[in-house]
Amino acid sequence: MRKLRSLAVAASLLAAALFASDCRRPQAEQIVVTGASTVYPIVQMAAEELRRTKGLNVMGQGGGSTRGFEDCIAGRNSLGAMARELTPEEKAQVIAFPIAYDGVGIVVHASNQIDGVTTEELRQIYLKQVTNWSSFGGRNDRIVVVHKAEGHALREVFMKYTGLTPDEITRHTDVTAGDNAQVIRVIANTSNAIGYVSLGEVIKAAEAGQPVRLVKLNGIEPVMENVTNKTYPLFHPLYLISKGEPQGGGRLLLDFLRSPEGKAIIRQGNYVPLE
Amino acid sequence: MFRWNRARWFWTGTIGLGALPILAIFALAIFLFWNATAAAGQIGLRELATTEWLPQQSRYGVARLLIGTLAVTALALCLAVPVTLFSAGYLSLYARRKVRAAANAVIGLLGGIPSVVIGLWAMTWIVPLFGNSWISASLVLALMIAPTITLLSGAALRLVPADLLEASRALGVDEAIVSRVAFHHARRGILGAVVLGTSRALGEAVAVSMVAGNVVSWPNLTRPIATLTTTLIIELDSAAGLHRDALYLIACIVLIAISALSVFGRAAQRRAGI
């Protein structure tokens, strides 16, 4: 009996402790943005700026575009982040605010000498119709094809651009990687690999000394300038979405990202703000 | 009424904190089962038993992932068990005490290396040789489960009574027969060691996902392969809705398999007196 009573006391103490920690949330309104990890760096940089200037508390979380949409519908975030076009059903349920677009870089190992590929050559590589780098003037080495995992926005963007079907992808892939960082890690460690990653992420990784490099696509140099003037052909839009007109903190964040300061921050992250 | 004396504080604290890990395990299991049953109900067992895993096309067949897991684990065992048994036999039956102590310390250290470190090493040393493939994944796994099997089966062999071995030697048989006697006597403990190693192999994710290629396919030694855990690790961060619940279902399958093997392995070890 005594043991039972101590057990009850212990349980209530535990519960009290859990509640106490829950109540210690900051008083300031918290702006929560969840969704595409590609949008995350932008939100992160804007968050720092807004904390410094306005004392706002912005919290970003990844989880993919679809999570951003579902959290938005369920009211679990202030704004959702999406890195792909919305489906018609999705469009009917939320308001989408385009904030920027992002180039998709074709990335190889730094030791790979090839100059670039065309869209058709990219298709042939990913369909395993061409399997050796020597076909493109590279060294005599097998081509290792890297894809992103199911559910990632870039996989969808790449599929749409090259016209590959899901079945063709699973049949010819050598490596499936999760997020951008993982694709970069695979390619940095595999001298004969090819993959596609958010352009800004590759530029950052290469600057940090990782042995990866971007190649030309259809003869267009993969630099921010060409993404900005839309001569670089492979890019995708970044959206912030909201169930109704955004209120309070969500509104402030959105307005900030569309202001000149916000656009400067987006450019700093190697994304292209909308004019 | 309560009177809060020292003894009561002591028991309250002890029982409360002692119950915490158990509650945590139950909370985890309930959370996984909750999401998994939701997914199983919505997807249907017939669909789950198919071989097509294409969540974007609403295909949720886990059969090939399961086969991938079994294939990678089985090959890893085939690679690891012979080596580890010879090594355990030498260290427990013949090595001098100093050698054994040093070797066990090193093997224990190998078992403590974080899997992401092993994965990075394997990406630069194993993948260039064998590609992102079934064989690479199994080699990495074999390396990771070898310490568990060596140390546990070594402990089982150490429990073989010395007079049993001396009696065999007195009969004039050669050392191969003597060690067979030792292995026969320790067979339950060794089985337990192998089973516990298997459960570690089933749950390993990070290192395997860095070398396996993670492409859903029929097992082929030199082609990429996906397992239950590698699929979890590369898809969970971007999955939503039913896709996410299906991944919880996969997590649930892994949890059940590992729990069952752990219980079985420990039972075998207990019967051997370890």
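**Chain B and its contact with chain A in a predicted model**

B:Leu85 sits in helix H3 of chain B, which runs over residues 63–94. The model is predicted. B:Leu85 counts as buried, because 20 C-beta neighbours lie inside 10 Å and the cut-off for a buried residue is 20 or more. Another residue of chain B, B:Trp34, is 51 residues from B:Leu85 along the chain. The C-alpha atoms of B:Leu85 and B:Trp34 are separated by 41 Å.

The overall make-up of chain B comes next. Chain B holds 13 helices and 2 strands. Its C-alpha trace spans about 70 × 70 × 35 Å along the principal axes. Chain B has 274 residues, and 40% of them count as buried. Contacts in chain B with a separation of 6 or more were also sorted by distance along the sequence. Of these contacts, 75% join residues 24 or more positions apart.

Helix H7 of chain B covers residues 134–158. It has 25 residues. At 1.5 Å a residue, this helix should span 36 Å. The C-alpha atoms at its ends are 35 Å apart, so the expected and modelled spans agree. H7(B) nevertheless has a kink of about 35°, placed at B:Ile145. The proline B:Pro147 follows shortly after the kink. H7(B) is mostly covered. Of its 25 residues, 23 are buried.

Chain B also touches chain A. The contact involves 27 residues of chain B and 28 residues of chain A. On the chain B side, three elements give two or more residues each: helix H1 (6–43), helix H5 (115–125) and helix H12 (228–235). H1(B) supplies the largest share, with 5 residues. By residue class, the chain B side divides into 13 nonpolar, 11 polar and 3 charged residues.

Confidence was examined for chain A. The average pLDDT of chain A is 86. In this chain, 90% of the residues score at least 70. Residues 20–27 of chain A stand apart, with pLDDT under 50 throughout. For this stretch of chain A, the model has 1 contact beyond four places in sequence.

Note on methods
Residues are numbered from 1 along each chain as its sequence is written. Chains are lettered from A and ligands numbered from 1 in the order in which they are written. This is a predicted model: local features need pLDDT of at least 70, side-chain atom pairs count only at pLDDT 80 or more; totals for chains, interfaces and linings use all residues. pLDDT is the predictor's confidence in each residue, from 0 to 100. Two residues are in contact if their C-beta atoms, placed from the backbone, lie within 7 Å. Helices (H or I, at least four residues) and strands (E, at least two) are DSSP runs, numbered from the N terminus. Ala, Val, Leu, Ile, Met, Phe, Trp, Tyr, Cys and Pro count as nonpolar, Asp, Glu, Lys and Arg as charged, and the others, Gly among them, as polar. A residue is buried if 20 or more other C-beta atoms lie within 10 Å of its own, exposed if 12 or fewer, and partly exposed in between; C-beta atoms are placed from the backbone. The expected span of a helix is 1.5 Å times one less than its number of residues. The bend at a residue is the angle between axes fitted to the seven residues ending there and the seven starting there.
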